[in-house]
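Reader: I'd like a close look at one part of this structure, along with whatever helps put it in context. Could you pick a good spot and walk me through it?

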Amino acid sequence: MVKRKNIFRSIGFALLVFLIVMFAIFPFLQMASLSLKYQWDWGNPSFIPKQINLEAYKELLNIGQELKNVPESIVLLLEEQPDLTDAQRKAILAKYQDTGDVFPFLRYFGNSLILASLAALMSVTLAVFGSYSFSRLRFRGQSAVQRGVLFVYMFGGILLLIPLYKVFVALGFISTPTGTFISLMIIYMVQTLPVSLYMLGNYFRTIPFSIEEAAMIEGASRFGTIWRIIIPLSLSAIVTVYIYSFMIAWNEYLFASVFLKSFKEYYTLPIGLKTLFNSKNAIWDRIMSASMLTALPVIALFMTIQKNLAGGLTSGGVKE
Amino acid sequence: MSRFTHSSDGAAAAIKETAVQKLSTRAQRDERLGWSLVAPSVFIILALILYPVLYNIYLSFFDVSLSEGNTFSGLANHQEILRDSEFWKSLSTTMIYVIFTTAGTTLAGLGTAIVMNKKFPLRGLIRSLILLPYVAPVISVVFAWQFIFDPVNGIFMDIFYDRLHLFSERFSLIGSPSTAVWIAILFAIWKNFPFTYLMILSRLQAIDENLYEAAEIDGANGWQKFRHITLPEVYFVVNAIILLRVIWNFNKFEEVYLLTSNVKVLSVYTYLKAFTGTMDLGQGATLAVLQFFILIGFILFYVKKVLKW
């Protein structure tokens with residue numbers, strides 16, 4: 001009797017785990033499956049495509065697009081004219097290639113990558129020194145600074161959007177694409193700075209002060225200890241915070257949509273995808289493969305920090 | 001002998017003095033270094049977060065124009081908004097959205113944390129799979145959700161119309177505002193429950209196993225153990241998460257706007273007012289300020305009355 005109850009229990013439990021996992025990953029399965037399906041297969045509720053369609057991925061990643069949309073007669077013509085130079089051939093083919101206009105994925109990907117990685121770099125650099133300061137040094141106003149950082153959590157993006165837009169317009173940044181790009185970079189840095197400060201501050205407090213003290217007794221300066229001891233010891237935390245900031249900037253839509261509105265060349269992935277979805281070029285397989293390619297780098301990055309987090313660097317550094 | 005002690009006293013005093021001096025210069029040095037290290041961050045936060053917030057409050061009293069200057073209009077913006085029925089509608093949408101997403105996220109997170117705290121095969125893999133919704137960019141998952149509820153090809157209509165015959169026709173759940181808000185709520189719960197789950201799980205793992213064993217010896221059943229041990233232990237972290245979740249979801253823009261344009265929570269309403277059509281930045285600023293003060297009011301109420309801090 002007891003045994004039977006246990007079996008029912010574990011089946012029930014397994015079912016519960018299964019339901020939770022399905023709830024979490026169902027949309028991802030949907031996305032992956034649809035990105036590989038042909039149009040005639042969309043209505044089929046099964047996740048397994050009847051025939052694998054890689055066209056959308058090839059198009060987005062610009063693989064094998066040379067002869068697409070080129071009429072057969074032109075291809076034949078080119079083959080029959082062996083004395084044409086390569087440059088001439090390319091010029092003729094270029095007339096027929098407009099896939100880049102449909103959705104220049106690689107371009108938007110690059111924009112997002114530059115913007116997010118630079119913003120995260122600036123944010124983490126500032127945060128290393130800032131959070132070292134309020135987690136380690138005593139000075140007047142220290143706790144006010146620390147609490148002020150948390151207070152920033154209360155301000156939503158929309159509260160900052162209008163005044164910042166007004167300020168950057170008044171400064172003349174918004175009139176050129178480069179200026180817009182720089183202002184967005186600054187804004188992303190600011191948006192991730194409080195989180196970086198908070199997370200790094202928490203981490204620095206876990207590093208035993210005795211390690212630093214030992215270095216200082218041996219004559220190292222404060223900067224020396226930050227550079228030689230704090231940074232190497234908290235490298236995993238710094239990488240984690242960097243990736244976290246990167247992800248925030250990579251995902252941002254609100255500011256990008258307002259600031260970059262008139263510079264299509266400088267779109268980041270979120271606005272690019274949203275624009276694609278609202279355009280006549282919206283086809284499910286194209287949208288889903290673009291979604292997959294937008295999500296994958298972020299998911300991969302997250303998986304790496306998840307492992308990093310487990311290794312406690314300090315445990316080996318000092319023995320109490 | 002007495003002279004000797006005297007002189008040694010003097011030496012000790014001298015040593016003490018230099019030590020004090022050294023200490024004070026070290027404290028002074030720390031103070032200077034402390035401020036100079038944190039100054040760039042503080043300056044940037046003041047200039048690009050605090051100043052804009054104040055500037056936003058200032059703007060709310062003006063008729064704002066990007067090309068010409070601002071014209072002072074007093075409380076005209078505020079009055080106009082309070083008389084606008086759209087504003088009250090979006091405020092109530094926001095309330096519904098915040099209440100149900102917060103409740104849903106917290107309950108789903110708590111349940112998941114309790115399940116994941118037990119030992120079972122493949123737990124490590126499953127724990128990371130569950131984090132996927134939280135990790136993936138909003139823009140990359142909204143289209144999958146839209147497809148699920150797509151009237152023509154979506155799996156939802158396939159099940160509920162084709163197989164179960166619950167509806168008389170295929171229709172778009174995301175298409176009409178009255179149903180779209182529930183999809184947006186479900187989406188937000190799905191997107192954010194992993195965060196809640198993670199926070200609660202780390203608290204659960206810190207609970208002393210002996211408490212449960214002692215309760216079992218006393219004959220407590222599963223529910224009693226949950227009610228009298230688990231719940232009090234996670235009480236604080238759950239309340240803190242609820243507070244954060246309310247703040248975040250009250251300000252939520254992307255998770256709503258990118259999924260559907262039919263759900264006008266306050267942030268979306270403000271965005272549309274300020275950056276589409278006639279681009280009324282003054283009214284937008286006023287809306288943002290009102291939203292901010294409503295949030296502050298709620299936080300004070302929650303902290304004083306519910307948490308009793």
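**A salt bridge between the chains**

Author: Let's begin with Glu31(B), which counts as partly exposed at 21% relative accessibility. The cut-off for buried is under 20%, so Glu31(B) falls into the middle class. Bear in mind that this is a predicted model.

What does Glu31(B) pair with? Its side chain meets that of Arg140(A) in a salt bridge, with N and O 3.6 Å apart. The rule asks for such a nitrogen and oxygen within 4 Å, so the pair makes the cut. Arg140(A) itself is exposed, with a relative accessible area of 64%. That value is over the 50% mark, so Arg140(A) is put in the exposed class, while Glu31(B) stays partly exposed at 21%.

How many salt bridges cross the interface of chain A and chain B? The rule finds one. Polar contacts add to the picture: nine residue pairs between chain A and chain B are in polar contact, with both partners at pLDDT 80 or more. On the chain A side of the contact, helix H1(A), residues 2–35, gives the largest share, 14 residues. That side of chain A breaks down into 64 nonpolar residues, eleven polar ones and seven charged ones.

Now zoom out to the whole interface. Chain A puts 82 residues into the contact and chain B puts in 80. About 7,300 Å² is buried between the two chains, and carbon and sulfur atoms give 80% of that. Of the area chain A buries against chain B, 10% comes from Met154(A), Ile162(A) and Lys166(A), more than from any other three residues.

A couple of buried residues show what contacts between the chains look like from inside. Thr294(A) sits in helix H15(A), residues 284–310. Buried or exposed? Thr294(A) is buried, at a relative accessible area of 1%, because anything under 20% gets that label. Its neighbours come from both chains: Thr294(A) touches Phe105(A), Trp250(A), Leu269(A) and Leu273(A), as well as Pro137(B), Ile139(B) and Ser140(B), leaving aside residues up to four places away in sequence. One of these, Leu269(A), is 25 residues from Thr294(A) along the chain, yet their C-alpha atoms are separated by 7.2 Å.

Over in chain B, Ser267(B) is part of helix H11(B), residues 266–275. Ser267(B) is buried too, with a relative accessible area of 0%. Among the residues Ser267(B) touches are Ile158(A) from the other chain, and Phe250(B), Asn251(B) and Gln291(B) from its own.

What about salt bridges within a chain? Arg107(A) forms one with Glu265(A), where the closest N and O atoms are 3.5 Å apart. Arg107(A) lies in helix H6(A), residues 105–136, and Glu265(A) in the loop between helices H13 (254–259) and H14 (269–278) of chain A, so this pair ties together parts 158 residues apart in sequence. Both partners are partly exposed: Arg107(A) at 37% relative accessibility, and Glu265(A) at 46%. Our opening pair, by contrast, crosses between chains, running from Arg140(A) in the loop between H6 and helix H7 (142–151) of chain A to Glu31(B) in helix H1(B), residues 2–59.

Chain B has an internal example as well: Asp84(B) and Lys273(B) form a salt bridge, their closest N and O atoms being 3.6 Å apart. Asp84(B) is in the loop between helices H2 (76–83) and H3 (85–116) of chain B, whereas Lys273(B) is in H11(B), so the pair links parts 189 residues apart in sequence. Lys273(B) counts as partly exposed at 25% relative accessibility. Back in chain A, Arg136(A), Glu212(A) and Arg222(A) are joined in a network of salt bridges. Over all chains, the structure holds ten salt bridges.

Last, some background on the chains. Chain A has 16 helices and zero strands, and of its 320 residues 48% count as buried. Among chain A contacts between residues at least 6 apart in sequence, 71% join residues at least 24 apart. In chain B, helix H12(B), residues 281–306, spans 36 Å from its first C-alpha to its last over 26 residues, close to the expected 38 Å. After H12(B) comes Lys308(B), with a positive phi near 50 degrees.

Note on methods. Residues numbered from 1 in each chain as written. Chains lettered and ligands numbered in written order. Predicted model: local features only at pLDDT ≥ 70, side-chain atom pairs only at ≥ 80, totals over all residues. Heavy atoms only, no water. Contact = heavy atoms within 4.5 Å. Buried area = accessible area lost by both parts, 1.4 Å probe. Polar contact = N/O pair within 3.5 Å; in protein donor to acceptor, adjacent residues only side chain to side chain. Helix = DSSP H or I, 4+ residues; strand = E, 2+ residues; numbered from the N terminus. Nonpolar A, V, L, I, M, F, W, Y, C, P; charged D, E, K, R; others polar. Buried < 20%, exposed > 50% of the residue type's maximum accessible area, 1.4 Å probe, protein only. Expected span 1.5 Å × (residues − 1).
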